[in-house]
Amino acid sequence: MGTLPHLLLFDIDGTLINTQGAGMRAFTSAFEQLYPEQVAACGGVPGIDFSGSTDSGIVMGMFAELGIDDSNSQRERFYAVYLSFLRRNLGEPGITGSLLGGVAGLLGHLAEDVGGTAVLPGLLTGNIAAGARIKTDYYGISGHFRFGSYGDDHHDRNQLGPVAVNRASDLLGRDLSSAPVTVIGDTAKDICCARAFGARVVAVASGSISARELAGHDPDVLLENLDDVPGVLALLGVD
Ligand SMILES: [Mg+2]
């Protein structure tokens with residue numbers, strides 16, 4: 001049997017990277033391009049709470065607001081336009097998003113341990129899989145994640161944890177349902193989603209939510225950022 005690996009499930013936006021709003025603008029542009037009449041009738045694209053939300057949850061809510069029939073074909077059409085805006089926005093001159101502090105060092109260290117599968121880094125994100133791939137490719141970190149669960153697996157983030165664990169089990173060809181799991185994320189929704197499947201959670205105040213607000217949701221560990229790589233590794237049990 002051997003020891004089960006520790007699954008580290010990373011959120012993307014506000015935790016690993018800051019895209020300077022490239023994703024949010026891509027959403028807004030896609031709604032404006034595809035549904036100009038409905039958007040005009042609402043006086044503009046209605047406000048969207050992006051933090052910690054899944055892309056499919058955002059689309060579902062927006063279709064309801066704009067009075068658009070929700071169907072797989074409508075979603076596919078929306079995602080295709082969204083992804084093209086996302087690619088364009090990331091490459092825009094003057095828009096210089098970046099990896100967040102400590103992320104490069106942290107992922108570099110975790111990669112060294114993956115061979116022995118003591119730890120297995122993956123993604124647990126509200127981004128649809130194709131969007132997650134575009135973002136992590138753009139910032140050069142996609143190779144660090146061999147599995148994940150995404151915003152097109154379910155619109156409710158609280159359902160994504162077990163999906164990630166199943167994908168990790170498939171990847172290693174062994175049952176990881178009782179493996180230790182830590183979720184690393186920057187919003188209250190990341191904390192709730194970890195609790196929903198009994199995972200430990202490290203909250204990081206490197207996104208749009210303050211440490212003070214995150215503290216109110218009682219994460220196991222609360223950090224301002226991931227800058228102190230040796231300290232973070234120790235907290236994750238990977239020192
Ligand atoms: Mg986030």
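Hi everyone, let me start with a distance: the centres of domain 1 and domain 2, taken over C-alpha atoms, are 25 Å apart. Before going on, please keep in mind that this is a predicted model.

So where do those two domains lie in the sequence? The assignment gives domain 1 as 6-19 + 97-236, and domain 2 as 22-90. Domain 1 therefore comes in two stretches of the chain, by that assignment of domains.

Now for the place where the domains meet. On one side there are 22 residues of domain 1, in contact with 15 residues of domain 2. Which helices help to build the domain 1 side? Both α6 (129-138) and α8 supply at least two residues each. Of the elements there, α6 gives the most, with four residues. If you sort the residues on this side by type, you get six nonpolar, 10 polar and six charged.

Let me step back to the whole chain for a moment. You can count 10 helices and eight strands in it. Along the principal axes, the C-alpha atoms fill a box of roughly 60 × 35 × 35 Å. How does the radius of gyration compare with that of a compact globule? For 239 residues the globule value would be near 18 Å, and the chain has 18 Å, so the two agree. Buried residues make up 39% of the 239 residues. And if we take the contacts with a separation of 6 or more, 65% of them join residues 24 or more positions apart.

Next, please find the sheet on your screen. Six strands form an open sheet, with parallel pairing, in the order β5-β4-β1-β6-β7-β8. Which strands sit at the edges? They are β5 (148-149) and β8 (221-223), each of which pairs on one side only.

I'd like to spend some time on β1, residues 6-10. In the sheet order, β1 stands between β4 and β6. With β4 (residues 119-124), β1 pairs in the parallel sense over five bridges. With β6, β1 also runs parallel, and here four bridges join the two. Leu9 is a nice residue to click on: its bridge partner in β4 is Gly122, and its bridge partner in β6 is Val183. One place along, Phe10 has Leu123 as its bridge partner in β4.

Is β1 mostly covered or mostly open? Mostly covered, with four of its five residues buried. Just ahead of this strand, in the segment before β1, is Pro5. Why does Pro5 count as buried? Because it has 20 C-beta neighbours inside 10 Å, and 20 is where "buried" begins. Pro5 also shows how folding brings distant parts of a sequence together: Ala179 is 174 residues away along the chain, but 6.3 Å away in space, C-alpha to C-alpha.

That takes us to the cores. In soluble globular proteins, nonpolar side chains tend to be buried together. Here the largest nonpolar core has 45 residues, and Leu7, Leu8, Leu9 and Val183 touch the most other members. The elements giving two or more residues to this core are β1, α5 (103-114), β4, α7, β6, α8, β7 and α10 (229-236). Leu7 makes a good example: setting aside neighbours within four places in sequence, its contacts are Leu120, Gly122, Val165, Ala168, Leu176, Ala179 and Val181. Apart from the largest core there is another one, of 13 residues, including Ala26, Ala30, Met62 and Ile134.

We met α8 earlier, so let's go back to it. Which residues of this helix, 188-196, are buried? They are Lys189, Asp190, Ile191, Cys193 and Ala194. The elements covering them include α7 (160-172), β6 (181-185) and β7 (200-204). After the helix comes Gly198, with a positive phi near 70°.

My last stop is another glycine, Gly216, in the loop between α9 (211-215) and β8. Is Gly216 buried or exposed? It is exposed, because just 10 other C-beta atoms lie within 10 Å, and 12 or fewer counts as exposed. Compare this glycine with Ala26: the two are 190 residues apart along the chain, and their C-alpha atoms are separated by 31 Å.

Thanks for listening, and do have a go at finding these residues yourselves!

Definitions and conventions:
Residues are numbered from 1 along each chain as its sequence is written. This is a predicted model: local features need pLDDT of at least 70, side-chain atom pairs count only at pLDDT 80 or more; totals for chains, interfaces and linings use all residues. Two residues are in contact if their C-beta atoms, placed from the backbone, lie within 7 Å. Two strands pair if DSSP finds at least two bridges between them. The radius of gyration is taken over C-alpha atoms; the globule rule is 2.2 Å times the number of residues to the power 0.38. Domain bounds come from an automatic or database domain assignment. Ala, Val, Leu, Ile, Met, Phe, Trp, Tyr, Cys and Pro count as nonpolar, Asp, Glu, Lys and Arg as charged, and the others, Gly among them, as polar. A nonpolar core is a set of buried Ala, Val, Leu, Ile, Met, Phe, Trp, Tyr and Cys residues joined through C-beta atoms within 7 Å.
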